[in-house]
Amino acid sequence: MTGPFEGIRVVEVAAWTFVPGAGAIMADLGADVIKVEPPTGDPQRGLRNGLNADESAPNPFLQVPNRGKRSVTLDLSSPDGLSTLHRLTESADVFLTSYLPKVRTKLGIDAEEMRARNPRLVYVRGSGWGSTGPLADAGGFDAAAAWSAAGIQYKLTSPGATEPAAQPAAFFDLQGSSAIAGAVAMALLRRERSGRGGTVDVSLLATGMWTMSPDLAACAAGSGELPRPNRHEAPNPIVNSYRTQDDRWINLVCLQSDRFWPELCELLGRSELAVDSRFHNAPARFANRTACVTELDQAFGTRTLPEWREVLARFSGVWSAAATFEEVCGSEQVAANGYLPEVTGADGRPFRVVAPPYQFDGVPARPAGPAPETGQHTEEVLLESGLTWDAISELRDAGALG
């Protein structure tokens, strides 16, 4: 299958995960993505924490946002390095950057300057806090600009908790990456119709706020804050999580509660609850929600998760076990849809990464290859741009290539 971004050239001047993740999605879907790094490389290459402590294993913080790209090292602070970047972007379709406004201005890579050289260029700025306002010049990672500042950490921290809820690694970076990739597709469609490029802004703050739209819209309308989650007082007790005998959790998502309540009670071996005056319909269950949750807690606590899987296989409502990462990686459903494609690393060893959440014509997206080494494709890309070996050697001697 030809990917929907086939024939699109992307130049990426960005670091970490948020914006580079969008480049990875586009590369998976057929784009030629040229990652322009400083001579020292994207700083994320050196990031170490509990998820990539084993240096002999593929580094997820490198592979997830950078697979399938080509890496060019340029010193953009040098005139020769900057002119080389301009040469690359003159034939590009998309320019991705996460650099802050003052840095973009200092380097000479602002939207106005880049699009003056290439009016058809789609120029994309990924920021922490948005392109205007008092924080426009401030740096922002997702744990601050989305998780904390958009109200999500507050919402997910139970009242009286001794510490706040913690964000998983790159949680909103990757949601923001999907937003950028979608926005790029829209901008390219507009260019196809109008002949002109444009400037796209996506921020982590906006990504976090979009995720919390129902709560924020209710608050902005004057309804105040919706209650923070408390499973013992779930307004609909069958939209809730329940602990099994072997200390696992089952998550019920039965929005039409009257439709599924009698069937669930029968499967739980508690058919009397379906006709109990405290629980017989949705208003009654809401009024007596704490007692209802207590009854369901007791029922689910009588069997292990494997036993409940057999029972709930007959249930017509929506439910799932709270899966471990090992269970996700070994899931038949995941495998059937190609959600964890295999990539062969530079050392010849295969490893798996998560595919973008899109499929076209029934074909799963697949990475074109692993993340590149720093500057791995510098000469290759510059030769394609029309430079000679002598010109490349002069740039290298001048320090423009690192």
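**Entry 1: Val36**

I take contact to mean heavy atoms within 4.5 Å. With that in hand, and keeping in mind that this is a predicted model, I looked up Val36, which is found in strand β2. Setting aside neighbours within four places in sequence, I find Val36 in contact with Val11, Glu12, Val13, Val72, Leu74, Leu85 and Leu88. Buried or exposed, I wondered about Val36? Its relative accessibility is 2%, so Val36 counts as buried. I also checked a C-alpha distance: Val36 and Thr73 are 37 residues apart along the chain, yet their C-alpha atoms are separated by 5.7 Å.

**Entry 2: the sheet around β2**

Next I wanted the strand order. I get an open sheet of 6 strands, β3-β2-β1-β4-β5-β6, with parallel pairing. Which strands stand at the edges? They are β3 (70-73) and β6, each with a single partner strand, so one side of each has no neighbour in the sheet. From one strand to the next, I note a twist that averages 20°.

I then zoomed in on one pairing. Strand β1 (residues 9-13) and strand β2 (residues 32-37) pair in the parallel sense over 4 bridges, and Val10 stands opposite Val33 in β2. Helix α3 (residues 79-89) packs on this sheet and touches β1, β2 and β4. The direction of α3 makes about 150° with that of β1.

**Entry 3: aromatic pairs**

I moved on to rings. A pair of aromatic rings is described by the distance of the centres and the angle of the planes, so I wrote down both values each time. How many aromatic pairs does the structure hold? I have 7 on my list.

One of them is Phe95 with Tyr123, a stacked pair at 5.2 Å centre to centre with 25° between the planes. This pair links distant parts of the chain: Phe95 sits in strand β4 (residues 94-97) and Tyr123 in strand β5, 28 residues apart. Phe95 has 0% relative accessibility and therefore counts as buried. Tyr123, also at 0% relative accessibility, counts as buried too.

Then I turned to Phe260 and Phe315, an edge-to-face pair with 6.0 Å centre to centre and 75° between the planes. Where do the two residues sit? Phe260 is in helix α11 (residues 257-267), and Phe315 is in the loop between α14 (305-312) and β9. They are 55 residues apart, another link between distant parts of the chain. Both Phe260 and Phe315 are buried.

I also jotted down a cluster: Trp147, Phe171 and Phe172 form one aromatic cluster.

**Entry 4: Ser177**

A short stop at helix α8, which is where Ser177 has its place. With 1% relative accessibility, Ser177 counts as buried; the cut-off I use is under 20%. Which residues touch Ser177, leaving aside neighbours within four places in sequence? I find Thr17, Phe18, Gly21, Ala22 and Ile25 in contact with Ser177.

**Entry 5: helix α9**

I listed the buried residues of helix α9 (residues 204-211): Leu204, Leu205, Thr207 and Gly208. Why do they fall on the same side of α9? They cover an arc of only 160° around the axis, and that puts them there. I then asked what covers these buried residues, and the cover includes α1 (18-28), β5 (122-127), α6 (142-148), α7 (152-156), α8 (171-194) and β6 (198-203).

The N-terminal end of α9 got a look as well. Ser203 caps that end, with a side-chain oxygen 2.9 Å from the backbone nitrogen of Ala206.

**Entry 6: the sheet of 3 strands**

Last on my list was an open sheet of 3 strands, in the order β7-β8-β9, with antiparallel pairing. β7 (239-243) and β9 (319-321) stand at the edges with a single partner strand each, so one side of each is left without a neighbour in the sheet. Ignoring direction, I get an average turn of 15° between neighbouring strands of this sheet.

How many bridges join β7 to β8? I see 5 between β7 and strand β8 (residues 249-253), which run antiparallel. Val239 stands opposite Val253 in β8. Finally, helix α13 (residues 289-300) lies across β7 and β8 and runs at about 40° to β7.

Conventions:
Residues are numbered from 1 along each chain as its sequence is written. This is a predicted model: local features need pLDDT of at least 70, side-chain atom pairs count only at pLDDT 80 or more; totals for chains, interfaces and linings use all residues. Side-chain values use heavy atoms; hydrogens and water are left out. Buried means under 20% relative accessible area, exposed over 50%, partly exposed in between (1.4 Å probe, protein chains only). The arc is that of the directions from the helix axis to the C-beta atoms. A polar contact is a pair of N or O atoms within 3.5 Å; within protein, one must be able to donate a hydrogen and the other to accept it, and residues adjacent in sequence count only if both atoms are side-chain atoms. Two strands pair if DSSP finds at least two bridges between them. Axes are lines fitted to C-alpha atoms, for helices over the stretch in contact, and angles run from 0 to 180 degrees between N-to-C directions. Rings of Phe, Tyr and Trp (its six-membered ring) pair if their centres lie within 6.5 Å; planes under 30 degrees apart count as stacked, over 60 as edge-to-face and the rest as tilted.
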